[in-house]
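I sat down with this one to jot notes on whatever I could look up. Here is what went into my notebook.

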Amino acid sequence: MTQRTLVLLKPDTVRRGLVGEVLSRFEAKGLTVVAMELRQITGELADQHYAEHVERDFYPPLRAFVTSGPLVSLVLEGDEAIEVVRAINGATDGRKAAPGTIRGDLSLSNRENLVHGSDSPESAEREIAIWFPGLT
Ligand code: CMP
């Protein structure tokens, strides 16, 4: 089934000059970019996006990190896009993520893990509405 998913190339991806490398992995897989924007977000937007994590101990440094510089938000579309993107991203902790995944190949961190992908159809719908309210 064709799905859309919300992907973030977090500030570490932009800072490290990996936007092209990361984006090309999604494109090479066959996913289509249907929306994309570079911007530095406010803490309020971070709180909305990470609503389920705001009470967690790891959230204050995560909030500081995701607002620390520009990031790229995008919507990707394709067959089973939500699962496919999560597989390409790899496990949350870059130190444990499998080689061949974005995090496994390019991140050594649990926080600065380069990418975000929606974890379910419900999350994708909620997150796309937050980041791209004009997208139909
Ligand atoms: P993401 O897929 O965007 O979803 C939540 C984010 O919180 C996750 O990627 C990491 O960037 C961060 N995160 C999750 N768990 C931890 C943790 N234990 N310590 C630090 N950051 C975390």
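**Around the ligand**

I started with the ligand, and I found H53, F58, L62, T92, N110, R111, N113 and H116 surrounding it. I should keep in mind that this is a predicted model. I then sorted that shell by class and got 5 polar, 2 nonpolar and 1 charged residues.

**The domain record**

Next I checked UniProt, where an unreviewed entry lists residues 2-135 as "domain: Nucleoside diphosphate kinase-like". Over residues 2-135 I noted 42% helix and 21% strand. The end C-alpha atoms of that stretch are 16 Å apart.

**The core**

I looked for the largest nonpolar core, and it has 23 residues. V7, L76, V85, I102 and V115 have the most contacts inside it. I also wanted to know which elements feed this core: β1 (2-9), α2 (19-29), β3 (71-79), α5 (81-89), α6 and α7 (121-131) each supply at least two of its residues.

I picked V7 for a closer look. Leaving out residues up to four places away in sequence, V7 touches L74, L76, V85, V115, H116 and G117. H116 rang a bell, as I had already written it down as one of the residues around the ligand.

**L106**

My last stop was L106, which sits in helix α6 (residues 102-106). Is L106 buried or exposed? I put it down as buried, because L106 has 20 C-beta neighbours inside 10 Å and 20 or more is the cut-off for buried. Setting aside neighbours within four places in sequence, L106 is in contact with L18 and L114. L18 is 88 residues from L106 in sequence, yet their C-alpha atoms are 9.1 Å apart in space.

How values were computed:
Residues are numbered from 1 along each chain as its sequence is written. This is a predicted model: local features need pLDDT of at least 70, side-chain atom pairs count only at pLDDT 80 or more; totals for chains, interfaces and linings use all residues. UniProt positions are given in the numbering used here, feature names are shortened, and annotations may be inferred rather than shown by experiment. Helices (H or I, at least four residues) and strands (E, at least two) are DSSP runs, numbered from the N terminus. A residue is buried if 20 or more other C-beta atoms lie within 10 Å of its own, exposed if 12 or fewer, and partly exposed in between; C-beta atoms are placed from the backbone. Two residues are in contact if their C-beta atoms, placed from the backbone, lie within 7 Å. A residue is near a molecule or strand if its C-beta atom, placed from the backbone, lies within 6 Å of it. Ala, Val, Leu, Ile, Met, Phe, Trp, Tyr, Cys and Pro count as nonpolar, Asp, Glu, Lys and Arg as charged, and the others, Gly among them, as polar. A nonpolar core is a set of buried Ala, Val, Leu, Ile, Met, Phe, Trp, Tyr and Cys residues joined through C-beta atoms within 7 Å.
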